[in-house]
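Work through the exercises below with the sequence and the model in view. Each task is followed by its solution in steps.

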Amino acid sequence: MLSEQCYKKIDRELAKYPADQRQSAVMAALAHAQVELGWVSPETMKELADYIGMPAIAVQEVATFYNMYNLKPVGKHKITVCTNLPCALSGGVKAGEHLKHKLGIDYRGTTDDGAFTLMEGECMGACGDAPVMLVNNHRMCSFMNNDKIDALVEELKK
């Protein structure tokens, strides 16, 4: 399922740890697999477990513990809105409502064209920049007012 290029990236992560601690690279391996496939299926978890040399249930435990792993297919652009208290008090709730209206979906929903998935997230460690959003787990967007949200959505549509 995973490409040779993805396995090369995983091998670089595995090389950072002693041979008897290969499981320490599981989070990075899951992240690389998700970047390639868009989500982490049970089959992908099993494939990674076999490759790393650890029980499949241990990979599943990591993947289900952290909310950064997509356990179901998501849209091309996953936007996660921080709704933790500091962001909520600084416009996070309004930002989420604006996005819901603009995209026509609720949290955990995906647009009909598969372009966007909207998620609610916990603290992203940027309370001073509230409200914040995370795009595809890699791009932090700060001080998100309606104009900036509209511009972001238009940019991602291109």
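**Exercise 1. Find the annotated residues and say how they lie in space.**

Step 1. The unreviewed UniProt entry lists Cys82, Cys87, Cys123 and Cys127 under "binding site".

Step 2. These four residues are spread over 46 residues of sequence, yet they cluster in space, with a largest C-alpha distance of 9.3 Å. The model is a predicted one, and the distance is computed from it.

Step 3. From this set, Cys123 belongs to the lining of the largest pocket.

**Exercise 2. Place Cys82 and Cys87 in the secondary structure, and decide whether each is buried or exposed.**

Step 1. Strand 1, residues 77-82, contains Cys82. Helix 5, residues 85-103, contains Cys87.

Step 2. Buried means under 20% relative accessible area. Cys82 has 2% relative accessibility, so Cys82 is buried. Cys87 is also at 2% and therefore counts as buried.

Step 3. Now list the contacts, leaving out residues up to four places away in sequence. Cys82 touches Cys87, Gly92, Gly121, Glu122, Cys123, Met124 and Val132. Cys87 is in contact with Cys82, Gly92, Ala130, Pro131 and Val132.

**Exercise 3. Which cysteine sulfur is closest to that of Cys123, and why is there no bond between them?**

Step 1. A disulfide is a covalent bond between the sulfur atoms of two cysteines. The cut-off used here is sulfur atoms within 2.5 Å.

Step 2. The closest cysteine sulfur to that of Cys123 is in Cys127, at 4.0 Å, which is too far for a bond.

Step 3. Over the model, the count of disulfides by this rule is zero.

Step 4. Compare accessibility. Cys123 is partly exposed because its relative accessibility is 43%. Cys6, by contrast, has a relative accessible area of 2% and so is buried.

**Exercise 4. Describe the course of helix 5 and what covers its buried residues.**

Step 1. Helix 5 has 19 residues, and its end C-alpha atoms are 24 Å apart, short of the 27 Å a straight helix would reach at 1.5 Å a residue.

Step 2. Look along the helix for a bend: helix 5 has a kink of about 75°, centred on Gly91.

Step 3. The buried residues of helix 5 are Cys87, Gly92, Ala95, Gly96, His98, Leu99, Lys100 and Leu103. Their cover includes strand 1, strand 3 (116-121), strand 4 (133-135) and helix 6 (146-157).

Step 4. Just after helix 5 comes Gly104, with a positive phi of about 75°.

**Exercise 5. Characterise Gln34.**

Step 1. Gln34 is in helix 2, residues 26-37.

Step 2. With a relative accessibility of 10%, Gln34 counts as buried.

Step 3. Apart from residues up to four places away in sequence, Gln34 touches Trp39, Val40, Met68, Tyr69, Asn70 and Asn137.

**Exercise 6. Summarise the chain as a whole.**

Step 1. The protein chain has six helices and five strands. From the N terminus on, their order is α-α-α-α-β-α-β-β-β-β-α.

Step 2. Along the principal axes, the C-alpha atoms fill a box of roughly 50 × 35 × 25 Å.

Step 3. Of the 158 residues in the protein chain, 42% are buried.

Step 4. Among contacts with a separation of 6 or more, 59% are between residues 24 or more positions apart.

Technical notes:
Residues are numbered from 1 along each chain as its sequence is written. This is a predicted model: local features need pLDDT of at least 70, side-chain atom pairs count only at pLDDT 80 or more; totals for chains, interfaces and linings use all residues. Side-chain values use heavy atoms; hydrogens and water are left out. UniProt positions are given in the numbering used here, feature names are shortened, and annotations may be inferred rather than shown by experiment. On a 1 Å grid over the protein atoms alone, a cavity is a set of points where a 1.4 Å probe fits but cannot get out, and a pocket is an open set with protein on both sides within 12 Å along at least five of seven lines; lining residues have an atom within 4 Å of a point. Helices (H or I, at least four residues) and strands (E, at least two) are DSSP runs, numbered from the N terminus. Buried means under 20% relative accessible area, exposed over 50%, partly exposed in between (1.4 Å probe, protein chains only). Contact means heavy atoms within 4.5 Å. The expected span of a helix is 1.5 Å times one less than its number of residues. The bend at a residue is the angle between axes fitted to the seven residues ending there and the seven starting there.
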